[in-house]
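Subject: Structure for you to look at

Hello,

Here is the structure I said I would pass on. Please open it next to this email and follow along.

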Amino acid sequence: MARKKTTPIPEPENMTEREKLAWEFAKKMADQVIHDPDGKTSRRKSRNYSAPTKDSIEGYLQNPTSSEKNLRNASIYLYQINTRYRNLLNYYANLPCWSYVINPVNYNPEKVKKDSFKKQYFKVCNLLESMGIEKTMREIVVTALREGAYYGVVWGGDGNSFILQKLDPDFCHIVSISDGGVFQFKYDVSQIKQEDVETYYPPAFVDMYQDYVRTGEKYQLVPPEVAVCFKADPSIVEYSIPVFSGTMPTLFEIENVKSLVESATELSNYKLLAGKIPVDDEGVPLVDYGTVMQYYQHIANNVGERVGVALSPFDLKDYSFEQSGTTAQIDNVGRANENFFAEAGTSALLHGATNDTSGVTKLAIKVDEAYSFGLMYQAEKIVNRLLKMMSGAVKFKIHFLEVSQFNREDKVEEYRSSMNYGIGKLEFLALMGIHQFDILGESYVENDVLGINDLFTPMKTASTQSSDKSTKTGRPPVEDGDGADATEATHDNDTDANR
C-alpha cells in the first residue's frame, strides 16, 4: 500500500549540520503512520479479538505462564465491550492527579553556575511539557493494567520534542532491571519489514535491525535512552499478565445472573386462563366439542398476546408465573457486582453500589491510593531515567506528589499551611494545576502584559482600609491626659519588649 502523500516540509537554506538533522527528523515524524488497515506495514497491523468464554479464561488462569498472550487478548476484548472492567482499570489509572515538581539531582551550591543551571532547568521543563505527563501516564498505566505491561519507544526526548510509540507486546520480553527498578526489554526485530525500519521506528532500531541481519539474533535489546517499559505487577518479571485477570470469570457470572433475572421478569408477564370441563360419573364431557370451541374462540379473541387460554368454558381461574423471589434475584445481581469489585480489591461503592458505610469507603480509598501510588513511583523512575539521559552537566529529577482525586483538597490545605513556613510553594502551585514551566510566564502575562493587579482592586470597605477618627471604629486613640503620659513612658523605656 502506498503511503498517503503529505505536504513536504521545505528545507531551509544555510542550515547547520545539527539543524539539518532536526529537519530530517521532522520530515520523518510528519509521515508517521498511526494505523494501517491493510496490514502492509509492520508498525500497526489490524487485529481482531474473539470473544472469550468463562471456561477458556479459567483454563488460561490454570497456567498463566504459557497463556500470557491469551489472557492479554481476553483482557483487551473485555476492556472494549464490558463497562465494569473498563471502569475498574480506568479508575486506578485516573486515581492519581499526576501532579509533579522538578528538582536538581545532587544539588551543590558551590558548583552551580547560574546561567547553565537555568538553561538546563528550562530545557527539562520544556521536555516534560512536551511529554504531557498527566495524559501520557494515564495512557501508560491503563495499558499496563489491561495488557500486563506497556512497551514503548521514544522519538526525540532531548528537550525539543517527545513522541511515545507503543510496541506490540507479543514481540517484547523483559530481560533485566536497572537504574533502581527500571525494566529493560528486547524486541523481536524480525517482525519488522526492512523498508519500514527507517520510517516507522526510531533511529535506534536501524542499528538493532542491522545487528539482527549480521548475527541472526531476532530479539534485540532496546537502548535504554529510548525504551519505556512499565509493568503493572513489578514483583513478577518472568511473564506479564493483566493484573485483574482473576476477576474476568466473575464478569460472566454477572451476565448469567442478569439473564436469570431477565428470564424471570419475562415469565412473570405471562398468564394462563384455564377452566374445568364438567364430566359425568363416567368421565364423559357434559358439553359437546363444538360448544367448547365456541367459548374458547370467544375468550381467546378478547385477551392480550401474553395471556394463554385453555379449552374450558367453566370455572375460569388465572395462573401467574411471577415468582415471589424476584426481589431476591435482583439483589443477586447487586451482590454479583459487589463480588466483582471485591475480588478486584476495591470498594463497589466507588463504582455505583448503594450503601451508607462512608467510613469503610474512606478506608477502601486509602488502599486503592496505596496501589496507585506504587504505580506512580514506577512511572517516576522511568521519567527520571529519561531525564538522566539528557545532555547537559546539570541533571534534574521529577517527583510525583502523593495526591489523588479524593485527597486533593486536603493536600491543598496542607501545602497552603506549609507556605507559612516558607516551604511547599512549588507543590502548592502544582496542585493548583500550574506547571513549573508556566510560573514565570503566567506571572509575566498577569502583571506586566495585562496588569491584572492594577485592573482588579478590592472595593474600599471597613475591612480593607485603616481606621481613622471619622469612622468611629476600632479602639479610639489615647488623647493627652487619660493615661497618655503612661503610654508614652512605656514606649520610651521599652517596658513591653518581653511581653
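Which residue takes a positive phi in the hairpin of S4 and S5? It is Asp 179, with a phi near 50°, and the hairpin has three residues between the strands. Keep in mind that the model is predicted.

The hairpin belongs to an open sheet of three strands, with the order S4-S5-S6 and antiparallel pairing. Strand S4 (172-178) and strand S6 (219-221) stand at the edges. Each of these has a single partner strand, so one side of each is left without a neighbour in the sheet. From one strand to the next, the twist averages 35°.

Now the pairs. S4 and strand S5 (residues 182-188) are joined in the antiparallel sense over six bridges. Ser 178 has Val 182 in S5 as its bridge partner, and His 173 stands opposite Lys 186 in S5. On the other side of the sheet order, S5 and S6 pair over three bridges, again in the antiparallel sense. Lys 186 turns up here too: Leu 221 in S6 stands opposite Lys 186.

Side chains are worth a look as you go along a strand. In a regular strand they alternate between the two faces of the sheet.

Last, the surroundings. Helix H8 (residues 204-215) lies across S5 and S6, and runs at about 135° to S6. Why is S5 described as largely enclosed by the rest of the structure? Because six of the seven residues of S5 are buried, where buried means under 20% relative accessible area.

Regards

Key
Residues are numbered from 1 along each chain as its sequence is written. This is a predicted model: local features need pLDDT of at least 70, side-chain atom pairs count only at pLDDT 80 or more; totals for chains, interfaces and linings use all residues. Side-chain values use heavy atoms; hydrogens and water are left out. Two strands pair if DSSP finds at least two bridges between them. Helices (H or I, at least four residues) and strands (E, at least two) are DSSP runs, numbered from the N terminus. Axes are lines fitted to C-alpha atoms, for helices over the stretch in contact, and angles run from 0 to 180 degrees between N-to-C directions. Contact means heavy atoms within 4.5 Å. Buried means under 20% relative accessible area, exposed over 50%, partly exposed in between (1.4 Å probe, protein chains only).
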